[in-house]
Structure formats: C-alpha cells, structure tokens
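Dear colleague,

I am passing on the structure below, together with notes on what was found in it. Please read the notes with the model open beside them.

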Amino acid sequence: MGQPQQSDGSEGAKPPLRVGMVGYAFMGAAHSQGWRTVGHVFDLPRRPVLAAICGRDAAAVRAAAVRHGWAAAETDWRALIARDDVDLVDICTPGDSHAEIALAALAAGKHVLCEKPLANTVAEAEVMAMAAQAAYEQGQLTMVGFNYRRVPATALARRMVAEGRLGTLRHVRVTYLQDWLVDPGFPLTWRLRKERAGSGSLGDLGAHIVDLAQYLAGERLAGVSALTETFVRERPLPGGPTAGLSADSSAVGTGQVTVDDAAVFTGRFISGALASFEATRYATGRKNALRIELNGERGSLAFDLERLNELRYHDGTEPAAHAGFRRILVTESDHPYLDAWWPPGHGLGYEHTFVHQARDLVHAIAEGRRPEPSFADGLQVQRVLAAVEESAEKNSVYTPIAV
Ligand code: SOE
C-alpha cells in the first residue's frame with residue numbers, strides 16, 4: 001500500500017535543485033504547487049528549492065512569492081536568469097516570450113522547463129529545439145510542460161498500449177472542450193491575440209490533445225485535414241470601453257480577435273491509424289472536458305479528465321458473452337506515480353500532474369537522462385499545429401506534417 005513518504009531528516013543532505021520561475025498566473029500557480037509539494041511526497045535524488053519567481057508587477061510578484069512559497073521575487077526575467085542561485089528556469093509566461101526566455105536561460109547554463117505550446121511559431125520552436133540539443137551536449141536538460149501525460153490514468157494507458165493490449169491501433173478520438181468564450185462580452189485577453197498566443201483553441205487545447213494522442217499511440221501523425229473558425233471576431237477591450245484602443249479596432253472600445261475559436265481536424269498516423277480531434281472554447285457547459293479513446297484490433301481504452309482516477313478498458317479477446325468496457329480505478333500502488341501517494345481508492349486531481357511533472361524532471365536531471373516531452377517533441381507538435389492551420393486555410397486539403 002502506498003503511503004506518503006516521510007522525511008527522515010536526510011532531505012537537507014541532498015543536493016538542491018534551485019528553481020527560478022517566470023510567470024505567476026494560472027500556470028505559475030500550478031507549477032509552484034508542483035515544486036512545493038514534490039519533495040514532500042516523492043523520494044527524490046535532489047531537493048527542489050523555490051529560489052525566485054519573476055513577474056513585471058513588483059507588488060503582485062511579491063504577493064505571489066509569499067503565497068506560493070518562493071524565497072525571492074524579481075521583476076526582470078533577465079535578472080532571474082542571471083542569478084547564481086537558480087539552476088533551472090521554469091517558463092510559465094504567454095507563448096510570445098517562451099523562445100526569448102528559453103534561449104537566454106540555456107545560454108546562461110540553466111536547465112529549462114517550458115509550458116506548452118513550446119512556442120508561437122514553428123520557426124521559434126526550431127531555434128529552441130536546436131539550442132536544447134546544443135545545451136544537452138553541455139549537460140543541460142529541457143522539457144515541455146504537457147502535464148496531461150502525467151495523470152496516472154493516462155500514464156497507465158500508455159503502459160497498456162506499449163504492452164500490446166490494444167494490438168494494432170486503428171482509431172484515436174480526442175476532444176478538448178471548454179466554454180469560456182461563449183459570451184460575446186468576454187474581453188479580448190492576450191489569449192485571443194495571435195501576436196501573444198500564436199493561435200487560439202488550437203495552440204492552447206489542440207497542442208495538449210495532439211501531444212496526448214501521439215504519446216498514447218506511441219507514434220506520430222503523418223498528416224491532417226482541418227477546419228478552424230473564429231465565431232466572435234470582435235470583443236470588448238479588457239480595461240473597459242476606453243482602455244488601450246488598438247489601431248485595428250473598428251468600433252470604440254473593442255478589438256479584433258485574431259486567433260481561432262475552434263479547430264476540428266482529422267489525422268492519419270504513420271501506421272495508418274486514423275484520428276479525430278476537436279478543440280474549442282465554445283462547447284457550452286463543458287469546462288475543461290478532455291476525452292480520449294483508442295481502438296485497436298485487440299481492445300480499446302478510454303479516458304475522461306472529469307473522471308481522472310479512472311481508465312476504461314475493453315479487452316476484445318474476451319468471449320463476447322461477458323466482454324465489455326470495465327472501469328479500472330487507477331489508485332493502486334503499482335499504477336504510475338501512485339506508490340508515493342494515498343492508499344487505494346483515495347484519488348488524485350489536476351494539480352498532481354504538476355507534482356509528477358516536477359518529479360520526472362528532477363529524476364532526469366539527477367540521472368543526466370533526457371526528460372520527455374523534449375523540445376524536439378514540442379517542435380513536432382508545433383509542426384502539427386502549423387499543418388492544421390495550413391489545411392484549414394486551404395479548405396481542409398490533406399496536409400502532410402513536415403519532418
Ligand atoms: C486554457 O483555458 C487552459 O488553461 C490551458 O492553457 C491549460 O493548458 C489547460 O490545462 C487548461 O486550460
């Protein structure tokens with residue numbers, strides 16, 4: 001039975017891994033929780049230290065440092081990177097600054113964890129992946145924060161696919177649905193501007209499901225056919241009717257949405273298996289609904305983030321008379337990550353994916369192993385997203401993924 005591991009007093013003797021984080025909003029809070037918790041739950045080879053957090057607003061970043069347990073606060077990410085007491089830079093900013101911060105951190109000799117999507121463009125992601133390769137040769141490691149790989153149930157699904165329990169894969173079906181843009185009065189935040197976010201639902205939600213589908217399938221997509229849409233093209237500016245009027249606003253106090261609201265696409269895996277994807281912020285009533293199903297010749301697996309301690313499995317080799325989908329309660333100590341948590345039946349949640357992400361990265365760094373997903377994996381996802389955009393521009397023409 002798994003039990004939280006108690007400190008035996010030797011924690012202080014472990015070499016520290018001193019983290020500096022850039023960004024303190026939703027993802028910054030989630031990553032902070034991961035770093036803060038991981039050493040109290042898992043027996044790690046190095047002791048994570050929350051050295052410094054960075055954000056532009058001095059008062060807000062100081063408050064975030066206190067709330068999330070960071071020892072120091074900086075207002076300039078260059079100063080954070082220059083600190084001698086930072087070994088690893090964790091980037092939790094909007095996509096338009098990922099490349100610049102990651103490249104500077106690598107040049108300064110730091111390890112880097114970067115939130116998804118890796119970058120806003122393929123060109124940026126290419127430079128980042130090249131820099132990561134060069135840094136690896138100097139002993140620095142890099143990872144992308146695709147946290148949904150680290151739900152115990154999705155990690156178990158990966159293990160079962162790798163064990164051959166599905167046989168030859170035929171279908172992968174994935175949807176990632178939210179509804180926070182349904183109201184046309186919702187303001188024009190950075191996530192709705194291409195220059196900040198790169199794309200809309202596609203980069204934010206589509207990046208997750210492309211990564212998860214390829215991770216679970218154990219193979220990459222070869223090409224896609226896509227439709228994208230922006231349902232509401234003009235929205236109120238965030239600060240109210242007169243704030244920061246932009247050059248492209250046609251009506252007073254509003255601005256243009258320059259990203260997709262939804263992306264629907266089909267894909268073909270290299271093996272010939274077929275996939276379908278839907279990423280939207282307009283699925284009324286769906287808050288953060290990520291579902292994936294894989295069908296193979298020997299069986300099927302289904303995961304629903306709203307029931308994240310469960311995995312559904314159908315063993316197609318069982319006699320039809322009593323075969324059927326069964327529910328695996330993913331809380332056993334021999335399930336991924338669960339040997340360090342609670343006794344069976346006591347479930348985990350969303351935040352634990354960030355604890356597991358930190359755990360895997362600390363192990364990789366201590367052991368000098370390349371963590372996954374790598375920047376090269378992040379680049380490949382970026383290429384899939386670019387192929388989706390290209391296909392959508394050409395009215396769904398099948399578009400091969402660049403290699
Ligand atoms: C978007 O709404 C978002 O916060 C994503 O950016 C996260 O990556 C996802 O996990 C939850 O939704």
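Pro117 lies in the loop between β5 (111-115) and α5 (122-137), where helices (H or I, at least four residues) and strands (E, at least two) are DSSP runs numbered from the N terminus. The peptide bond that leads into Pro117 from Lys116 is cis, with omega near -15°.

Before going further, please note that this is a predicted model, in which local features need pLDDT of at least 70 and side-chain atom pairs count only at pLDDT 80 or more, whereas totals for chains, interfaces and linings use all residues. Residues are numbered from 1 along each chain as its sequence is written, and side-chain values use heavy atoms, with hydrogens and water left out.

Lys116 is also one of the residues around the ligand, a group that further comprises Phe26, Tyr148, Tyr176, Gln178, Trp180, Arg191, Asp204, His208, Asn288 and Tyr350; a residue is counted here if one of its heavy atoms lies within 4 Å of the ligand. By class, this shell divides into five nonpolar, three polar and three charged residues, with Ala, Val, Leu, Ile, Met, Phe, Trp, Tyr, Cys and Pro taken as nonpolar, Asp, Glu, Lys and Arg as charged, and the others, Gly among them, as polar.

Polar contacts (pairs of N or O atoms within 3.5 Å) link ligand oxygen atoms to three side chains: the distance is 2.4 Å for Asp204, 3.0 Å for Lys116 and 3.4 Å for Arg191. The protein covers 92% of the 310 Å² of accessible area that the ligand has on its own, as computed by the Shrake-Rupley method with a 1.4 Å probe.

A second cis peptide bond joins Glu372 and Pro373, with omega about -5°, and Pro373 is placed in the loop between α9 (352-367) and α10 (375-393). Although Pro373 and Tyr215 are 158 residues apart in sequence, their C-alpha atoms are 9.0 Å apart in space. Tyr215 itself belongs to helix α8 (residues 201-217) and, leaving aside residues up to four places away in sequence, touches Arg149, Thr154, Ala155 and Arg158, contact meaning heavy atoms within 4.5 Å.

Finally, Asn395, in the loop between α10 and β17 (399-400), has a positive phi, near 55°, although Asn395 is not a glycine. As background, most residues other than glycine have a negative phi, and most peptide bonds are trans.

With best regards

Note on methods:
Polar contact = N/O pair within 3.5 Å; in protein donor to acceptor, adjacent residues only side chain to side chain.
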